[in-house]
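I set out to keep a short notebook on one protein chain. The entries follow the order in which I looked things up.

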Amino acid sequence: MKAGGCQLNPALLVVLFFKLCFYGSSNSSELQVCELCNGTVLSPSPVGRFCSLSAGRVKGRCCLKNGTTGDKESIIGLDLSNCSLAQVENLQEASNATMIDLSLNPFVNISEVTFQGFIELNYLILPVNVLCPGGATSWKKIEEKEGNRICQGQNSMCNQTGQMSRDCPENSQCAPFGPGLSECSCGDNYHGYKCLREGEFPVLQVFAPLGASTVVISFVLWITQRRNAKPL
């Protein structure tokens with residue numbers, strides 16, 4: 001008996017590739033965070049009132065900005081209250097949200113990393129035993145109300161005394177990056193490690209060889225697979 005490797009039909013590979021691309025693109029428009037628990041945003045709730053005042057539209061546990069559809073849907077409010085969440089993570093789909101309600105859940109702490117990039121977040125409702133991410137300096141007002149902790153008015157860490165000089169190197173600019181967080185970006189005409197290189201980034205020199213090598217490797221693989229492929 002002659003041993004041999006398994007060979008894939010090229011036509012089948014094309015079909016599988018098409019299905020994966022189609023399935024991925026169809027799923028990308030679904031906002032998973034809006035379906036983290038059953039129910040919908042109720043009108044009397046804080047997020048419900050905010051959504052009404054903002055002329056948004058409700059989708060599951062989310063309030064979406066009006067005029068956004070499909071892949072461009074933008075979440076401005078998220079209500080995950082009373083969802084039995086033991087931990088909170090992967091909320092990045094709601095990174096543009098202004099208000100998030102996480103009250104009435106059993107989790108006992110929350111990581112600052114959870115809200116990386118949430119620069120629009122200005123009203124966060126938490127269980128009373130959970131501290132506001134970033135601490136007191138990250139919010140204009142923190143209060144306990146009706147058994148919840150409410151974090152209001154996110155402060156920019158770039159406005160804190162000495163924050164920019166302490167966290168960002170020379171030739172860079174500080175930008176808010178969520179509660180208690182900031183990021184540094186190189187100033188005009190600077191790039192590279194710690195923004196030490198002056199002049200425009202050498203796009204052509206960096207990406208041209210990479211693109212050429214990708215084309216060559218793809219061509220070699222195509223030739224190799226074509227030799228091994230059986231005719232239909």
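**Entry 1. The second largest pocket**

Which helices and strands each supply at least two residues of the lining of the second largest pocket? I noted first that the model is a predicted one. I then found four such elements named: helix α2 (46-53) and the strands β4 (99-101), β5 (123-127) and β7 (148-154).

I looked up the volume of this pocket and recorded about 270 Å³ of space. Its lining consists of 13 residues. Those that lie nearest the centre are P46, R49, I125, E146 and N148. By character, I sorted the lining into 6 nonpolar, 3 polar and 4 charged residues.

**Entry 2. E146, a residue from the pocket**

I returned to E146, one of the residues nearest the centre of the second largest pocket. E146 belongs to the loop between β6 (139-145) and β7. What is the sign of phi at E146? I recorded a positive phi of about 55°, although E146 is not a glycine. I wrote a reminder beside this value: most residues other than glycine have a negative phi.

Is E146 buried or exposed? The relative accessible area of E146 is 73%, and the cut-off for exposed is over 50%, so E146 counts as exposed.

**Entry 3. N189 and G187, in one loop**

I looked for another positive phi and noted N189, a residue other than glycine, with a value near 75°. N189 sits in the loop between β9 (182-186) and β10 (190-191). With a relative accessible area of 42%, N189 is partly exposed.

G187 also lies in the loop between β9 and β10. Is G187 buried or exposed? Its relative accessibility is 12%, and buried means under 20%, so G187 counts as buried. I then checked the separation of G187 from C174: the two are 13 residues apart in sequence, and their C-alpha atoms are 9.7 Å apart in space.

**Entry 4. Salt bridges**

How many salt bridges does a search of the whole structure find? The search finds 4.

I began with E73 and K59, whose side chains meet in a salt bridge at 3.2 Å, N to O. This pair links distant parts of the chain, since E73 is in the loop between β2 (62-64) and β3 (75-79), K59 is in strand β1 (residues 57-59), and the two are 14 residues apart. E73 is buried, with a relative accessible area of 15%. K59, in contrast, is partly exposed, at 23%.

Next I looked up R61, which forms a salt bridge with D79. The closest N and O atoms of this pair are 3.8 Å apart. Here too distant parts of the chain are linked: R61 is in the loop between β1 and β2, D79 is in strand β3, and 18 residues separate them. Are R61 and D79 buried or exposed? R61 has a relative accessibility of 10% and counts as buried. D79 has a relative accessibility of 3% and likewise counts as buried.

I then turned to R149 and E144, which form a salt bridge with closest N and O atoms 3.8 Å apart. R149 counts as buried, at 13% relative accessibility, whereas E144 is exposed, with a relative accessible area of 57%. Finally, I asked which residues are joined into one network by salt bridges that share partners. These are R57, K59 and E73.

**Entry 5. S84**

I found S84 in the loop between β3 and β4. Its relative accessible area is 61%, and I therefore listed S84 as exposed. S84 and L102 are 18 residues apart along the chain, and I noted 9.9 Å between their C-alpha atoms.

**Entry 6. A nonpolar surface patch**

Which residues make the nonpolar surface patch of about 430 Å²? I listed V216, F219, V220 and W222. I looked up V220 in particular, and its place is in helix α4 (residues 203-228). Why may V220 be counted in a patch? Patch residues need over 30% relative accessible area, and V220, which is partly exposed, has 45%, so V220 passes this cut-off.

Methods. Residues are numbered from 1 along each chain as its sequence is written. This is a predicted model: local features need pLDDT of at least 70, side-chain atom pairs count only at pLDDT 80 or more; totals for chains, interfaces and linings use all residues. Side-chain values use heavy atoms; hydrogens and water are left out. Patches are made of residues with over 30% relative accessible area and no salt bridge: like charges are joined within 9 Å, nonpolar side chains (Val, Leu, Ile, Met, Phe, Trp, Tyr) within 5 Å. Accessible areas come from the Shrake-Rupley method with a 1.4 Å probe; for residues, only the protein chains shown count as cover. Buried means under 20% relative accessible area, exposed over 50%, partly exposed in between (1.4 Å probe, protein chains only). On a 1 Å grid over the protein atoms alone, a cavity is a set of points where a 1.4 Å probe fits but cannot get out, and a pocket is an open set with protein on both sides within 12 Å along at least five of seven lines; lining residues have an atom within 4 Å of a point. Grid points are joined across faces, edges and corners, and a volume is the space filled by probe spheres set on the points. Ala, Val, Leu, Ile, Met, Phe, Trp, Tyr, Cys and Pro count as nonpolar, Asp, Glu, Lys and Arg as charged, and the others, Gly among them, as polar.
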